[in-house]
Amino acid sequence: MTTQRSSPFDTALRQGAVAGGVAVLLSLMGMVEAFSERDIVLGAISMGMLLIVGIMVIFGSSAARALPENRAGVRLGASALAGVVGEMFLVGLVILGQQTNLRGVFPNASPVLWELLRFGLSAPVAYLAMLGFGAGCGVLGGGLALLSQRFRGPVIVGVMAVVMIGLLEDLIGITIASNPLFATSPAVETANQFFLAQGVESGLTEAGAVVVFLVASTLAYLWPSLRSGARSRTQVLPAGRRAILPLVIYGVFVAFLLILPNFLGPYLTDVSNLVMIFTLMALGLNIVVGFAGLLDLGYVAFFAIGAYTMGVLTTTAVGGEAGQIVWGPGFSFWVALPFAVLLSLLAGVLLGIPVLRMRGDYLAIVTLGFGEIVRILALSDALKSNVGGSQGIVEPAVPSLGRLTAALPSQHVYYYLLLACVALVIFIAIRLRDSRQGRSWMAVREDEDVAQAVGVRLVSTKLLAFAAGAAMAGLAGAVFASKVGSIYPHSFDLLKSINVLAIVIVGGMGSIPGVILGALVLFGLPEILREFSEYRYFVFGALLVAMMLTRPEGLWPSSKRKQELHEGFGPEADPPPEGVAAPSGAGSA
Amino acid sequence: MRRFFERYDLVDVIMWLIAAAILTAALIGSVKTLQSAKYSNNAWVDLTVSGLTQGSIYALIALGYTMVYGVLRMINFAHSEVFMGGAFIGYFASTWMSASGFMNENPILGLIIVFLVAALTSVAIAVLLERIAYRPLRRAPRLVPLITAIGASLFLQYMFRGLFGSQVRSYPPMPRLEGAITLPGGAEIDYAQILVIVAAALMMLVLYLFVQRTRAGRALRAVSEDKDVAALMGIDVDATIVRTFVIGGAFAGMAGVLYALVYRQVTYYMGFVPGIKAFTAAVLGGIGNIPGAMLGGLTLGVTESVGTILFLDGYGIPAPYQLKDGIAFVVLVLILILRPSGLLGERLARAKA
């Protein structure tokens, strides 16, 4: 990149302009206004404000980072200038917005937004305050960039902790209050009042924010020494005891997962059920995309087939009256479940055959076509009598195990069912990954021709990947149908496929823990932060691009995939001379 | 079982069987539909004309896909959003001019301005896309730019939704474009449809001449043949790639306006279906092949419009037009099975590229 040689002034202007552009965009999209409802620190910082702060800090710090190492003053000055330039855009937007009515074009350009951007101040003071605010944020970012790695990490962790706890404050509060174990304890009560702003407002109290920040950053600062301390202590244990240690850790973890719904309360349990359904799908897609490298954009089709199989086989609303399907055997959940999985698996093989010979882009678009065909068929009048058309299928069976499930609330039944499914699927995925089959998949992913040359059977390898992925999606679909209680075609559009793809990509292609993390972050968070869900796909799109540009291996990469993706190319690297180019590079034709 | 699948010929046989089954079903359906004589000749003419209109728009979008595929060997998934962006901003230009009365006084100049605004918007989106999202990834493994393109598509779509709202916005009426001419048989063709077909044909002619006759066009062809050799011959590869995005973007933007003139509305998700269809058209014609994209677009448009009724109505399927989008995907799969090179193209689908 050319940023190395440009003057500090140019760098600052450029970073500031981009910051301003992003800030104006997010403001006009209504994000600032929508997020301002939620306070992170009570009465001081809202999430909307944090958005602006975040942008200015990030571009301020990148202005500082783009400059030579030795001149701290110049670098800080550039960061401040970047922040000021960024805020100038917002000042311009506010002035323009107050002069003319932009609402015909931009529905979100409301007076409330201008008020927010002006910090509620009146005209001339407000603009100065905005510019000063930008400078402050820029310097903050620049300072962060100047800090040594040793301190920067803990500071960032501390801020993240404050933001996360501030965001989730109302949920934490409700969860604690609704739990009989905690609700009556006076100590919890006091802690609650110290940290959390209860009642109408949301967010941490100021004192609470400071404490959270200090605790989190201290922990992060001490983390390396804590970890090596723990490691050296386990080293001196006798071999037999050391072998037990991981088992103990796993045991505690499993026990924690088993009692978790008792602490979460109904709403959060429901959210975790949804997250687990997406985890199931993502684990399946991870086999197809992450292991075998086959980009399947019609993955939702198998989810749909699982759901519809469950619906048709178990629904009791049969009879061909208006809005009802003609035929259905009325099986129980447990009888229908294997059928759903089997049928999806079969569909995976069937849809796999025509695309065996296609690669990359073609595969993506044809599988996308399959996904759409399944949805269009489900929606059409042509199959209305079989799958209900746009009216869908209602009342699929619920999983019941006699007295065992009767005692539990329904969210808990699905929680344990899904937990078992996820555990099973993770087990299968790990076994597959480490088997000969898994190595074949990875060989195909790296280079199909070479894989074939060394004796990998392409047909069975690819079909097995499709089948395994499809079966997992079918399982997820069947449980989803039963959990939601109705099956409509609109649940199975392309966006579902993209959602799952985003989970796999952001988490880390081919990495099983990464996929679970991805599902938690991309699905858990937007479910909990309602304002955020409006902008979910916008953020997903940005995340996908940013991920591919900066960290194609994902948040929690698998080691092999990381190697592969960093082989011979990097976003900053100059294109390597021909012949040294990445072996699987796109430029060879 | 493994051995069974291992024999590649068998896969071919299965694929041919699938294709043969689909084609036979289509043939039987056609015969049945024609025998039932439910549709008059005029109805068929109407369907054909609307198919050609639709197909012209597909062809214009398909050009963007095909040209980018030619130079970068990737599907620009976000191209459908380039199309949508043009239509959207064109809508604002058009409403603004209609409100001020300019459109009524100078309909032709007004329309040209709308086209220009739309084309400029789309060009800007396309060029930014290339610069920010695609250029850093030119040497990356194939999957990486593809996922970037999907992300960019999602980003642009929801950016427009956030900026301009999720409601459907109706294009202002264009008095000059209302009405129709009546053919001797009694079938009618709308002025808007004529405009679309003629404008698309003109644009494609200009593009064809540009690519075949000018120096820049020759550079473009050289880059899509082999980037490295083209660079050795003194061609600025980066500039040529940007130029490709500019042309593709301009065509998509103008296609957006044409689309909006026929369907009279814009939404943030309007790009998805035409985008996928246009891609199908590009594959149908032979990806990387410019005349192929034009031919593929028209063929797909007519197949979709006429074929849906022709193939399916005979089976007594209720509301066959609902399956229209499915037909396009079936055509795509059939083409990839039977002739992956497309109607006019070389054999690229299997090539590693």
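## Helices α18 and α21 of chain A

A:Tyr414, A:Leu417, A:Leu418, A:Cys421, A:Val425 and A:Leu432 in α18(A) meet A:Ala468, A:Met472, A:Leu475, A:Val479 and A:Lys483 in α21(A). Contact here means that the C-beta atoms of two residues, placed from the backbone, lie within 7 Å. The helices and strands are DSSP runs numbered from the N terminus (H or I with at least four residues for a helix, E with at least two for a strand). Sorted by class, this contact has ten nonpolar residues, no polar ones and one charged. Nonpolar covers Ala, Val, Leu, Ile, Met, Phe, Trp, Tyr, Cys and Pro, charged covers Asp, Glu, Lys and Arg, and the others, Gly among them, go down as polar.

A packed pair of helices is described by the angle between the axes and the distance between them. For α18 (residues 410-433) and α21 (residues 458-484) of chain A, the axes come within 12 Å and cross at roughly 175 degrees. Axes are lines fitted to C-alpha atoms, for helices over the stretch in contact, with angles running from 0 to 180 degrees between N-to-C directions. That is why α18(A) and α21(A) come out as roughly antiparallel to each other. The cut-offs are under 35 degrees for roughly parallel, over 145 for roughly antiparallel, 65 to 115 for roughly perpendicular, and oblique for the rest.

## The model and its numbering

A quick word on the source: this is a predicted model, where local features need pLDDT of at least 70 and side-chain atom pairs count only at pLDDT 80 or more, while totals for chains, interfaces and linings use all residues. Residues are numbered from 1 along each chain as its sequence is written, with chains lettered from A and ligands numbered from 1 in the order in which they are written.

## α19 against α21

α21(A) has another partner in helix α19 (residues 436-446) of chain A: their axes come within 10 Å and cross at roughly 100 degrees. That makes α19(A) roughly perpendicular to α21(A). On the α19(A) side the contact uses A:Gln437, A:Ser440, A:Trp441 and A:Val444, and on the α21(A) side A:Leu458, A:Thr461, A:Lys462, A:Leu464 and A:Ala465. The class split is five nonpolar, three polar and one charged.

## Chain A as a whole

Chain A has 26 helices and four strands. Of its 589 residues, 46% count as buried, meaning that 20 or more other C-beta atoms lie within 10 Å of the residue's own (12 or fewer is exposed, in between is partly exposed, and C-beta atoms are placed from the backbone). Among contacts in chain A with a separation of 6 or more, 76% come from residues 24 or more positions apart.

The chain is divided into domain 1 (8-226) and domain 2 (254-500), with bounds from an automatic or database domain assignment. The C-alpha centres of these two domains lie 39 Å apart.

## α25 and A:Met548

Helix α25 (residues 536-550) of chain A has 15 residues, which at 1.5 Å a residue should span 21 Å, and its end C-alpha atoms are indeed 21 Å apart. The expected span is 1.5 Å times one less than the number of residues. Its buried residues are A:Arg536, A:Tyr537, A:Phe538, A:Phe540, A:Gly541, A:Leu544, A:Val545, A:Met547 and A:Met548. They pack against α22 (494-507), α23 (512-528) and α24 (530-533) of chain A, together with α6 (107-134) and α7 of chain B.

A:Met548 sits in this helix and counts as buried, with 26 C-beta neighbours inside 10 Å. Its C-alpha atom is 8.5 Å from that of A:Ile505, 43 residues away along the chain. Leaving out residues up to four places away in sequence, A:Met548 touches B:Leu137, B:Val144, B:Ile147, B:Thr148 and B:Gly151.

## Where the chains meet

Zooming out, 56 residues of chain B are in contact with 59 residues of chain A. The elements giving two or more residues to the chain B side are α1 (2-6), α2 (8-36), α7 (143-164), α10 (227-232) and α14 (324-338) of chain B. α7(B) gives the most, with 16 residues. By class, that side divides into 39 nonpolar, six polar and eleven charged residues.

## Two arginines with positive phi

Most residues other than glycine have a negative phi. B:Arg73 has a positive one, near 55 degrees, in the loop between α3 (41-72) and α4 (79-99) of chain B. B:Arg73 is buried, with 24 other C-beta atoms within 10 Å.

B:Arg264 also has a positive phi, about 65 degrees. Its place is the loop between α11 (237-263) and β4 (265-266) of chain B, and with 14 C-beta neighbours inside 10 Å it counts as partly exposed.
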